Amino acid sequence: NGVFLYDRAGFDDGANELAVLPSGRIVVAGVTRADALSADFTVLGLTQAGALDPGFGTDGVAIVDFGSSVASANAITVGPGGLIYVAGSAEIGGSGREARDAVLTVLRADGTPGTRLNGGAGVSFEFGDLPADFPQSIDVDATGERILVTGFTDVDDQSNQRMGVARLIGLDSRLFADGYE
């Protein structure tokens, strides 16, 4: 039995999903805030005992910067080789809910960016040409080359939404999404 609480800077933080690495360590996808106006795409690394893992990210915390002041890590899974696949959303090219695009990153087991994304933060994609995309789950095949992301997209101001499924193939400069709704 045990409980772990994390508070980055006294503002609202939240955990959305967790996964267990082959080593037994735990990774948690969520959102943290350093101030009242921003939200960061965050992955926590925990030891088997449930404490922040000092060997993961920076003192147990990996914050992925998509160049956005508002982002959230919503879904996480562990793929081949212990790579950590994380999907969420970030404000890309604007601000507000309608600027939210789906984003994907791959981290190594130590919380550093996976080289398969050319050392960058990650990639953005859309479930279609609708205003906002919110991934909710992610899975990866045994090769790590095919990633499925599900979630929803807003048709209008949150009152009308559509289910979205994206299949992403490859995680280098060849990345593309080829299936929507």
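Ser72 stands opposite Ser89 in strand 6. The model is predicted, and local features are given at pLDDT of at least 70, side-chain atom pairs only at pLDDT 80 or more, whereas totals for chains, interfaces and linings use all residues. Residues are numbered from 1 along each chain as its sequence is written, and side-chain values use heavy atoms, with hydrogens and water left out.

Strand 6 covers residues 84–91 and runs antiparallel to strand 5, to which seven bridges join it. Strands here are DSSP runs (E, at least two residues), numbered from the N terminus, and two strands pair if DSSP finds at least two bridges between them. Strands 5 and 6 belong to an open sheet of four strands in the order 5-6-7-8, paired antiparallel. Strand 5 (71–78) and strand 8 (123–125) each have a single partner strand, so one side of each lacks a neighbour in the sheet. On average, neighbouring strands of this sheet are turned by 25° against each other, direction ignored; the axes for such angles are lines fitted to C-alpha atoms, and angles run from 0 to 180 degrees between N-to-C directions.

Another open sheet of four strands has the order 1-2-3-4, also with antiparallel pairing. Its edges are strand 1 (14–20) and strand 4, each paired on one side only. Four bridges connect strand 3 and strand 4 in the antiparallel sense, and Thr42 stands opposite Ile63 in strand 4.

The loop between strand 3 (40–46) and strand 4 (61–64) contains Gly50. Gly50 is partly exposed, with a relative accessible area of 23%; buried means under 20%, exposed over 50%, and partly exposed in between (1.4 Å probe, protein chains only). The C-alpha atoms of Gly50 and Leu5 are separated by 9.7 Å, although the two residues are 45 residues apart along the chain.
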